[in-house]
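Consider the predicted model shown here. The account starts at the ligand and then turns to the protein around it.

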Amino acid sequence: MTRKKVGVLISGRGSNMQALCEAAKDAAYPAEIVLVASNRSDAGGLEIARGYGAETFALDHRPFGKDREAHEREMDAALRAHGVEIVALAGYMRVLSPWLVAQWQGRMINIHPSLLPLFPGLDTHKRALEAGVKLHGCTVHLVSDGVDEGPILGQAAVPVLAGDDEAALAARVLKVEHRLYPACLAALASGKHWVETDAAASLISV
Ligand code: GRF
């Protein structure tokens, strides 16, 4: 079996990236993590990635000022230099330019902590609590030009419980993120059209 080469982009602690690295330890998993790249050299996840033997690359976006694409071109070059075939965004806190999105059309995925199309953007758990929803969760989707839009590959739902605060709800969602993301990446990497996990069963619409 040839495993698809995956590059993961992170900005912070990298727990979803870690879940992907864990899954990829299994030789039967259809993807391998060949590069973990970040726009922040102090992203905690970079150290974790090195612990898994993954190559890492960090390039601060700040010196590029408003030239978002110039930064992306260097990130893109690093991905290509490592032979990356699929890009997984995992807490990558940058809005992407249409240029980068076009480079990876159909081959770039993101995990978002809500049941999209509900609550795109930031502060999803706070907004879910304020809205009074009884179910919340996470979504893995293909990246398109709109922020947190694009075809949904899989979703996992959790209950919102009485007494939940933002932290409690975020922790419950994060647990299922760590199951959903490896399942969706595996499905995309192996060309399957269904994602089956104990938390989700969703049609992949690629
Ligand atoms: C996760 O909640 C993910 O859904 C969102 O950003 C957070 C990243 O967390 N896109 P981590 O860095 O993977 O721990």
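What follows treats the ligand site, then the salt bridges, then two backbone features of one loop.

The ligand occupies the space that makes up the largest pocket. Nine residues need to be found in the view: Arg13, Gly14, Ser15, Asn16, Gly91, Ile111, His112, Pro113 and Glu177 are the residues around the ligand. Sorted by class, this shell has two nonpolar, five polar and two charged residues. Two elements, α1 (15-24) and β5 (108-112), give two or more residues each to the shell. Ser15 and Asn16 belong to the shell, and the range of α1 is 15-24. Ile111 and His112 also surround the ligand, and the range of β5 is 108-112.

Three contacts to oxygen atoms of the ligand can be followed along the chain. In the side chain of Arg13, an N or O atom is 2.4 Å from an oxygen atom of the ligand. For Ser15, a polar side-chain atom lies 2.5 Å from a ligand oxygen atom. Asn16 makes its contact through the backbone, where an N or O atom lies 2.8 Å from an oxygen atom of the ligand. How much of the ligand does the protein bury? The ligand exposes 360 Å² when taken alone, and the protein buries 85% of that.

The next topic is charge pairing. Side chains of opposite charge can pair when their charged atoms come close. The structure holds nine salt bridges. One of them joins Glu32 and Lys5, with the closest N and O atoms 3.5 Å apart. Since Lys5 lies in strand β1 (residues 4-10) and Glu32 in strand β2 (residues 31-38), the pair ties together parts that are 27 residues apart in sequence.

The last stop is the loop between β5 and α5 (124-131), where Pro117 is found. The strand at the start of this loop, β5, is also one of the elements that give residues to the ligand shell. Which form does the peptide bond from Leu116 to Pro117 take, cis or trans? This bond is cis, with omega near 10°. Asp123 has its place in the loop between β5 and α5 as well. Although Asp123 is not a glycine, this residue has a positive phi of about 55°. The loop thus holds both Pro117 and Asp123.

Terms used
Residues are numbered from 1 along each chain as its sequence is written. This is a predicted model: local features need pLDDT of at least 70, side-chain atom pairs count only at pLDDT 80 or more; totals for chains, interfaces and linings use all residues. Side-chain values use heavy atoms; hydrogens and water are left out. A residue is near a molecule or strand if one of its heavy atoms lies within 4 Å of it. A polar contact is a pair of N or O atoms within 3.5 Å; within protein, one must be able to donate a hydrogen and the other to accept it, and residues adjacent in sequence count only if both atoms are side-chain atoms. Accessible areas come from the Shrake-Rupley method with a 1.4 Å probe; for residues, only the protein chains shown count as cover. On a 1 Å grid over the protein atoms alone, a cavity is a set of points where a 1.4 Å probe fits but cannot get out, and a pocket is an open set with protein on both sides within 12 Å along at least five of seven lines; lining residues have an atom within 4 Å of a point. A molecule sits in a cavity or pocket if more than half of its atoms lie within 2 Å of its grid points. Helices (H or I, at least four residues) and strands (E, at least two) are DSSP runs, numbered from the N terminus. Ala, Val, Leu, Ile, Met, Phe, Trp, Tyr, Cys and Pro count as nonpolar, Asp, Glu, Lys and Arg as charged, and the others, Gly among them, as polar. A salt bridge is a side-chain nitrogen of Lys or Arg within 4 Å of a carboxyl oxygen of Asp or Glu.
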